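Dear colleague,

I am passing on the structure we spoke about, and I would be grateful if you could look through it alongside the notes underneath.

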Amino acid sequence: MNIDVRPIVRDEFPTYVRAAARAFGGHALDEDVRRDFRGFVPGRWMGAFQGSELVGGAASMPGNIGVEGGALPVAAVVDVTVQPTHTRRGIMTRMMDHQLRDVYERGEPVAALWASESIIYKRFGYGPGSFHEQWRIPRPFTAFLRPAANPGSVEFVSPDDAAALFPEVFRNAIRGRPAAIERPRTKWEAILADPERRRRGGSAAFHVVYRSGGAAEGYASYRIHESTLRVLEMMSTSGAAHAALWQYLFGVDLMNVIEARNRPADDPLPWMLADPRRLERRPTEALWVRLVDVGRALEGRRYMRPGRLVLEVDDRFCPWNHGRYELEGGPEGARVRRSGAAADLAMPAADLAACYMGTVRPSALAQAGRVQERAPGAAAQADAMFAARLAPWCPYSF
Ligand SMILES: CC(C)(COP(=O)(O)OP(=O)(O)OC[C@H]1O[C@@H](n2cnc3c(N)ncnc32)[C@H](O)[C@@H]1OP(=O)(O)O)[C@@H](O)C(=O)NCCC(=O)NCCS
């Protein structure tokens, strides 16, 4: 099978959007094509062609991703698809190779994506870069241990006002959060447009904002599905806003159940409830992360404890990364160089990515047989260095 992987041109974009939707089991409408076209950056959208037929595609959008102590340029990967007529013939593998080389050449040290299945991306060096939780709680069990002191107010806002207010709250709320990526304006518009076909039988979205002293410190968007209130997104920049918004969401009359998606693993809400076991929590890996330039990525974060480690990285998919690195890092920054010294720890690229974000402790991966501890105590030292102050979380799903 002769497959050519190359960037698509503007005229091919409608075909690309329709093909991508079809691979996900849906049909794109003209409005989807028009909306997505606004985010089109020539060169970043690629297609796999058999002759003139588009049989696969993948794209990446430039952004920034939070890492401990800072942020780094990221390629946010979307729309990885192969047409069902052409799967399991290596087309995605070709596209991933093409895309990661492209991202490396663009100087973006990290790539990130939302995986449709957790089996797919490890082979390309992606590891879980964040976890999130789905929540469900029957309303009679939502009492707080201590009623929230609530000096501010919760008010409804229109989608237009939400578009003006929410992005800044979102930006402030994710500051310092590993794995967080800012939502681009076109995506805000798409979400707040809230077309009926995306409501899954629920009401149109309601939007509320929490203000204290005039400034917006938090917001929540939710839908009503009969007697279930589904929180679409809740972001806050203060403890008062967080408590007041949950108190509001739990207090909406005629509801039996409150559900929420994509909550961070370190959300304090479970610790605020009087009867916390009533909150059903389902954690899953969320954003997948790939260190496209291992040296730059390691140098681009801060480390919780000062220390020195020689890391051996097995990265055959991005061979420019393969090898040993001496990392000397601490709370002030890091210095990384290639090394010929004996390795303290050895691991595949995908596992390094997960440790790097702070999603998992290196010693847990050593116990799981995925990371090799070559020097005694190295895994515990890596645990201390690679820890993150906040649980990695990406509230923007793309
Ligand atoms: C996922 C998808 C892109 C894979 O494309 P593909 O061209 O079939 O993938 P490849 O042939 O390059 O597969 C590479 C390897 O991954 C495995 N693989 C790929 N997709 C898999 C899946 N969904 N489940 C299990 N294994 C999978 C293949 O078996 C192959 O393994 P091997 O190297 O051991 O033989 C394609 O099935 C698809 O478009 N699915 C629907 C949309 C989707 O879920 N996209 C991912 C969005 S994040």
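What follows covers one strand with its neighbours, and then the surroundings of the ligand.

Please keep in mind throughout that this is a predicted model. I began with strand E12, which spans residues 257-263 and is mostly covered, with five of its seven residues buried. Strand E7 (residues 131-138) runs antiparallel to E12 and is joined to it by five bridges; within this pairing, Glu133 has Arg263 of E12 as its bridge partner. Strand E11 (residues 228-236), by contrast, runs parallel to E12, and four bridges join the two, with Val231 standing opposite Ala260 of E12. Between E11 and E12 the chain passes through helix H6 (residues 239-250), and the resulting β-α-β crossover is right-handed.

Turning to the ligand, 20 residues lie around it, of which Arg88, Gly90, Thr93, Ser116 and Glu117 come nearest. By class, this shell is made up of eleven nonpolar, five polar and four charged residues. Several contacts to ligand oxygen atoms involve the protein backbone: a polar backbone atom of Val82 is 2.8 Å from a ligand oxygen, a backbone N or O atom of Gly90 is likewise 2.8 Å from an oxygen atom of the ligand, and for Met92 the corresponding distance from a backbone N or O atom is 3.0 Å. Taken on its own, the ligand has 890 Å² of accessible area, and the protein covers 73% of that. Strand E4 (70-82) and helix H3 (91-105) are the elements that contribute two or more residues to the shell around the ligand.

With best regards

Terms used: Residues are numbered from 1 along each chain as its sequence is written. This is a predicted model: local features need pLDDT of at least 70, side-chain atom pairs count only at pLDDT 80 or more; totals for chains, interfaces and linings use all residues. Side-chain values use heavy atoms; hydrogens and water are left out. Buried means under 20% relative accessible area, exposed over 50%, partly exposed in between (1.4 Å probe, protein chains only). Two strands pair if DSSP finds at least two bridges between them. A crossover is right-handed if, with the strands pointing away from the viewer, the path from the first strand over the helix to the second runs clockwise. A residue is near a molecule or strand if one of its heavy atoms lies within 4 Å of it. A polar contact is a pair of N or O atoms within 3.5 Å; within protein, one must be able to donate a hydrogen and the other to accept it, and residues adjacent in sequence count only if both atoms are side-chain atoms. Accessible areas come from the Shrake-Rupley method with a 1.4 Å probe; for residues, only the protein chains shown count as cover. Ala, Val, Leu, Ile, Met, Phe, Trp, Tyr, Cys and Pro count as nonpolar, Asp, Glu, Lys and Arg as charged, and the others, Gly among them, as polar.
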